[in-house]
Amino acid sequence: TKYRPHKVVSKYKNICGNQEYDMRNSSCCSGTLHNKPELNPLNPLERNPILNCCDNIIYDITKEKCCRESHTGFPTHTITNLPNNFCCGNDSYNATHQDCYNGIKLEKVTGKVRCGYEYIDGTIEKCCMNTKYNAVSHKCCKGDKFNVIPKDHICCNGEGINKTMLCCEGMTPSLKRKPDDDQCCYNYKTKRAETYRSSNNEHCVHGEVLELPHGVEACGIFKFYFPKTHICCGEKVYDINTVFDSCCG
């Protein structure tokens with residue numbers, strides 16, 4: 001190995017990108033060099049207490065605030081450092097009399113609340129995920145999604161359904177097979193639901209609707225028994241007798 005003599009480098013030197021700089025005179029922010037001292041002019045052994053990086057921008061923390069793209073979704077920039085001044089889009093807003101929605105600055109309306117880009121009274125007018133609606137005739141249906149639905153509809157996981165449907169498992173809207181159906185049978189394998197009428201001796205057995213004789217109960221998969229004369233243990237049907245009349249385990 002060829003010997004290379006040690007090189008003495010100033011403790012104030014650093015590299016910014018591919019460029020060497022003196023930290024007493026310049027600062028480096030994400031590969032961008034600025035003509036402001038990175039080190040404290042009064043004590044070069046410590047960092048400059050009033051300067052900081054906002055991505056590749058250098059700013060004075062006593063006068064400015066940082067609005068990073070990673071936090072706002074808008075290009076990185078700085079704003080005036082005031083108590084009620086906050087980031088909004090490519091600019092800022094004053095929270096005492098303004099709101100910010102999707103990067104748009106809005107002027108607050110006294111006595112009203114914001115709903116998306118509008119202001120509503122909050123009584124007759126309500127807000128459903130930034131959509132305005134009339135609370136007299138409609139309501140907000142919440143679930144995997146949000147929708148405004150008529151007040152006489154049933155909310156089923158973000159969808160409005162009428163009396164011709166049932167909400168199965170609180171998740172899946174399912175059209176009734178018969179108008180008087182009152183129960184759902186959900187098949188977790190097929191992810192489908194079927195409706196049935198419980199008073200018609202119809203039963204949900206492992207995701208399938210089956211019509212059984214009166215008084216019959218299901219035992220496991222497609223096995224049935226009369227509870228008065230038989231017993232179901234471990235998905236098997238046994239005769240009830242004086243010796244064997246209950247399950248163990």
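This report covers an internal cavity and two loop residues with positive phi in a predicted model.

## Cavity

The predicted structure holds 1 cavity of 30 Å³ or more. The volume of the largest cavity is about 60 Å³.

Ten names make up its lining: S27, C28, C29, E38, R47, N48, L51, N52, C53 and I58. Two strands, β3 (27-29) and β7 (51-54), each contribute at least two residues to the lining of the largest cavity. By residue class, the lining of the largest cavity consists of 5 nonpolar, 3 polar and 2 charged residues. The charged residues of the lining are E38 and R47, while the nonpolar residues are C28, C29, L51, C53 and I58. S27, N48 and N52 are the polar residues of the lining.

## Positive phi at M129

Most residues other than glycine have a negative phi. M129 is not a glycine, yet its phi is positive, at about 50 degrees. M129 sits in the loop that runs between β17 (125-128) and β18 (131-134).

The relative accessible area of M129 is 55%. M129 therefore counts as exposed, a class that begins over 50%.

## Positive phi at E169

E169 is a second residue other than glycine with a positive phi, here near 60 degrees. E169 is placed in the loop between β23 (165-168) and β24 (172-175). Both M129 and E169 thus lie in loops between two strands.

Definitions and conventions:
Residues numbered from 1 in each chain as written. Predicted model: local features only at pLDDT ≥ 70, side-chain atom pairs only at ≥ 80, totals over all residues. Heavy atoms only, no water. Helix = DSSP H or I, 4+ residues; strand = E, 2+ residues; numbered from the N terminus. Buried < 20%, exposed > 50% of the residue type's maximum accessible area, 1.4 Å probe, protein only. 1 Å grid on protein atoms, 1.4 Å probe; cavity = no way out; pocket = protein on both sides within 12 Å on 5 of 7 lines; lining within 4 Å. Points joined across faces, edges and corners; volume = space filled by probe spheres on them.
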